[in-house]
Amino acid sequence: MQTSRSTRFTVAFCAMFVLSFHPSNRSVMGFEPNYDESKIPEYTLPDPLVTQSGSPVTTAEQWNTVRRPELLALFEKHVYGVSPPPCPIRRKHVSSKTVFDGLATRTEIDVLFGSADDATSMRMMVYVPKQRAGAVPAFLGLNFQGNHGVDDDPEIELNPGWFRVGRDGTTDGNKANEKSRGATASRWPLQMILKRGYAVATIYYGDIDPDFDDGFNNGIHGTLGDQVAHVAPESRWGSIAAWAYGLSRGLDCLEAETDLGIDAAKVAVLGHSRLGKTALWAGATDPRFAMVISNNSGCGGAALSRRAIGETVGRINEAFPHWFCDQFTEYNENEDACPVDQHELIALAAPRPIYVASATEDQWADPKGEFLAAAAADPVYRLLGTDGMGGDAPPAKMPAAEQPINSGVVGYHLRTGKHAVTDYDWQQYLDFADRHMKDGR
Ligand code: GCU
């Protein structure tokens with residue numbers, strides 16, 4: 001049974017109210033997560049190398065022409081929803097400045113979705129190292145608390161848009177306040193990244209689509225919604241798909257802005273948590289992304305849904321009804337019925353390098369399920385002529401913390417600690433990028 005958008009809006013509004021005040025947000029609405037491996041239901045993963053009609057996929061050509069498009073369409077229909085075709089963008093330069101004692105140039109560009117004067121726009125903030133021999137590779141990712149949350153420079157405008165109520169005093173109602181300046185700086189070690197020779201581009205995710213269930217009217221859902229009118233309502237794009245769409249338009253902008261000094265053919269898309277789910281979907285839908293990085297993305301991201309451990313499909317759809325398409329609710333407490341699972345999302349990035357990262361104290365996101373999904377994507381990577389997770393076969397056992405698997409094109413690590421993005425995570429991503437995105441590799 002599908003619920004209507006308006007019922008969902010009411011339910012979601014109440015859920016948001018409860019969520020904003022609950023100390024952990026993890027056991028709301030009567031949901032008690034299972035963390036016991038022995039209680040995981042028996043499951044069989046769908047085989048990424050067997051088509052829906054049961055034919056084995058044994059060549060790269062079959063993957064590229066039959067199975068990959070089939071899987072992409074299944075994820076659209078059942079999980080994230082169908083997005084509109086790429087819209088033309090308009091770009092307006094906002095500022096350009098030398099920062100960090102001459103280390104980098106910071107440029108801000110407003111990117112408008114479509115040609116209408118009142119088109120929704122997102123502001124991209126780009127840091128490019130000044131010392132460079134030629135165009136440099138880049139990381140592109142969405143941020144949770146505004147561009148002004150990434151770096152506390154008071155010259156970065158406080159984003160005037162809608163923000164989730166923060167428990168850390170960084171919002172007044174749904175508006176960001178001065179305390180939010182630099183609030184997420186620890187997740188964006190800009191100088192470390194720049195010194196390693198990479199550019200960084202980031203966009204506030206709420207510019208693209210504010211993160212609450214308004215019946216899909218605000219953000220680019222409103223601007224571009226007509227273009228999915230032909231799609232069955234239950235399979236229209238949710239917010240994750242909208243954010244991913246924004247990332248692709250961000251890449252359009254980097255391609256067009258050749259003067260920035262970025263090599264747009266070497267842009268890694270990355271994200272944390274819900275924005276990690278988003279990065280994976282952006283990487284799956286937009287093959288121009290040269291590398292994909294999922295940081296603690298969990299349920300609906302890199303973690304296998306069928307394990308139903310920690311956060312489940314039912315719980316995520318209940319708490320965040322706008323993230324996925326309505327069809328995904330069919331798999332609440334019914335994961336086995338879904339024709340895809342998340343290892344196939346990882347496989348959709350193949351043969352491009354992909355990195356999945358987990359944290360020991362982030363059991364809600366099911367670190368083991370994230371590892372198993374990466375390992376289960378390995379056969380697709382090997383079929384496409386890469387070494388997958390490295391060695392002759394993916395490791396049978398999950399690695400210990402701080403023992404990254406990074407010799408192949410499918411990387412994975414488990415970090416000690418909480419749900420976060422830390423310097424340790426970035427060091428692994430930079431090492432991985434050095435191997436796969438630097439010249440001559
Ligand atoms: C919640 C949600 C997760 C999500 C996370 C986040 O914990 O249940 O699925 O990844 O928020 O995005 O911060």
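A residue is called buried here when its relative accessible area is under 20%. With that cut-off in hand, the predicted model can be explored through its ligand site, two of its helices and one loop.

A good place to start is the ligand. Ten names make up its surroundings: Phe144, Ser273, Arg274, Lys277, Glu311, Ile316, Phe320, Trp323, Trp364 and His419. By character, this shell splits into five nonpolar, three charged and two polar residues. Several side chains place an N or O atom by an oxygen atom of the ligand. For Glu311, a polar side-chain atom is found 2.5 Å from a ligand oxygen. The side chain of Lys277 has an N or O atom 2.9 Å from an oxygen atom of the ligand, and for the side chain of Trp364 the corresponding distance is 3.0 Å. On its own the ligand would expose 320 Å², of which the protein buries 90%.

Two residues of this shell, Arg274 and Lys277, lead directly to helix H8, which runs over residues 274-285. An α-helix has 3.6 residues a turn, so residues three or four places apart point the same way. The twelve residues of H8 cover 17 Å between the first and last C-alpha, close to the expected 16 Å. H8 is also mostly covered, with eleven of its twelve residues buried. Among the buried ones are Arg274 and Lys277, together with Leu275, Leu280 and Trp281.

Helix H11, residues 367-383, offers a second example. Its 17 residues should span 24 Å at 1.5 Å a residue, and the end C-alpha atoms lie 26 Å apart, which agrees. Even so, H11 has a kink of about 30° at Ala377, shortly before the proline Pro379. Because twelve of its 17 residues are buried, H11 is largely enclosed by the rest of the structure. The buried set includes Pro367, Phe371, Val380 and Tyr381, and a run of alanines from Ala373 through Ala374, Ala375 and Ala376 to Ala377. The charged residues Glu370 and Asp378 are buried in H11 as well.

Finally, a loop deserves a look. Asp213 sits between helix H5 (205-208) and helix H6 (219-224). Its relative accessibility is 1%, so Asp213 counts as buried. A polar atom of the Asp213 side chain lies 3.3 Å from the backbone nitrogen of Gly215.

Note on methods. Residues numbered from 1 in each chain as written. Predicted model: local features only at pLDDT ≥ 70, side-chain atom pairs only at ≥ 80, totals over all residues. Heavy atoms only, no water. Near = heavy atom within 4 Å. Polar contact = N/O pair within 3.5 Å; in protein donor to acceptor, adjacent residues only side chain to side chain. Areas by Shrake-Rupley, 256 points an atom, 1.4 Å probe, with all protein chains shown as cover. Helix = DSSP H or I, 4+ residues; strand = E, 2+ residues; numbered from the N terminus. Expected span 1.5 Å × (residues − 1). Buried < 20%, exposed > 50% of the residue type's maximum accessible area, 1.4 Å probe, protein only. Bend = angle between axes of the 7 residues up to and from the residue.
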